[in-house]
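Colleague: Could you walk me through one part of this predicted model, the sheet and what packs on it? I'd also like a word on the cysteines afterwards.

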Amino acid sequence: MVGAYPAGADASPFAAGSPHHLPLAAVPSAAPDDIYDEVAYAYDGTLEGLLSAIFAAYERHENPTDVVPESRLQPRLGQRVAAIPTNMSHAARVLRGVKRACGWRAAHAVKQASCSDEPDAGTAAYRFVRYAMDEQKHHNCERCRKRSSCPGRSGAGPCPKMRGRALSDITHPAVERLFRISRSISQECEHLRQFVRFQHLQGESVGDDTGTEVWFARVNPKASVVPLVMDHFVERLGVQPFIIYDEVHELAGVYDGGDWHLVATAGQGDLARALPDPTADEALFSEAWRTFYRSVSVDARYHPELRRQFMPKRFWKNLTELQESPATLRTARS
């Protein structure tokens, strides 16, 4: 079958007794016969689902031509579709194996691919992991001066010198696509860190208790990067609860002052309508920010093309400084 490993193929690097050993059970040695020429893996669109699909490829001794979320799957002619259930333990083992063999940067790039909206992001992550693991497995120790004391000598484990190099080989087809996706996601994360604007909302009143006030921000990124930027805002806001709502992907990052978690809002309507009203001084501070923005601008150096380059227009509707003030709107209506 096209896409399956030959009988003498190497065992999974995530299996017990492999050079990249993790405490795993033995995996099947052969894939079932099939009449199809290719196989596609469909997962649930999460990071854990993507890692479970990578694990399944090694476990079943298959080489899927596509690894895509179920919502974006478009099977090809003659292609079998295998639905891969999410397995948290399998996902954790794959992530630990990638970190151990290829370094933190490679594991982070795989995480970023799981947040991308590109249809081939899952496939790019799988092909990269396959390539990186194979490179580690077949490294040559003959001319290494530290081969006598190296824990990875003779294929016994990952080579410390090669650890982290896989993502640097951007000329290789298996690396180049993931590198581009990772760079795009990093840029989108930076955009969110720059262009998130919070509103101060009142706390829910329960009797004499006015409740805890919360900061709310609405964003519309081109990739589901809210999980990747939550730690940044937790460090910035400290113990202050906040919500970052991704209206494009219908996902909210909620921080309660101690820990943060993700809430899927699909089918629940607009989250902003269910939140409390802004505080009494929110309008004052918003107007002060707009005044500051206008005062520091230099009309003689106005460059709209450059502003759109550094401040993508899709963020403008949620930027406080680019919204008309209530006083201006009232004057225009009158």
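Modeller: Quick bit of vocabulary to begin with: two strands count as paired if DSSP finds at least two bridges between them. With that in hand, take strand 5 (residues 214–219) and strand 6 (residues 242–246): five bridges join them, and they run parallel. One residue pair to look up on your screen is Val 219, whose bridge partner in strand 6 is Asp 246. Helix 6, residues 226–237, packs on the sheet, where it touches strand 5, strand 6, strand 7 (251–255) and strand 8. The direction of helix 6 makes about 155° with that of strand 6.

Now for the whole sheet. It's an open one made of five strands, in the order 4-5-6-7-8, and the pairing is mixed. Strand 4 (199–201) and strand 8 (260–264) are the edge strands, each pairing on one side only. Going from one strand to the next, the twist averages 25°.

On to your cysteines. The disulfide count comes to zero. Cys 115 isn't in a disulfide, and the nearest cysteine sulfur to it belongs to Cys 189, 7.3 Å away. The cut-off for a disulfide is sulfur atoms within 2.5 Å, so at 7.3 Å the sulfurs of Cys 189 and Cys 115 are too far apart for a bond. Both residues are tucked away, too: Cys 115 is buried, with a relative accessible area of 10%, and Cys 189 also counts as buried, at 5% relative accessibility.

Notes: Residues are numbered from 1 along each chain as its sequence is written. This is a predicted model: local features need pLDDT of at least 70, side-chain atom pairs count only at pLDDT 80 or more; totals for chains, interfaces and linings use all residues. Side-chain values use heavy atoms; hydrogens and water are left out. Helices (H or I, at least four residues) and strands (E, at least two) are DSSP runs, numbered from the N terminus. Axes are lines fitted to C-alpha atoms, for helices over the stretch in contact, and angles run from 0 to 180 degrees between N-to-C directions. Contact means heavy atoms within 4.5 Å. Buried means under 20% relative accessible area, exposed over 50%, partly exposed in between (1.4 Å probe, protein chains only).
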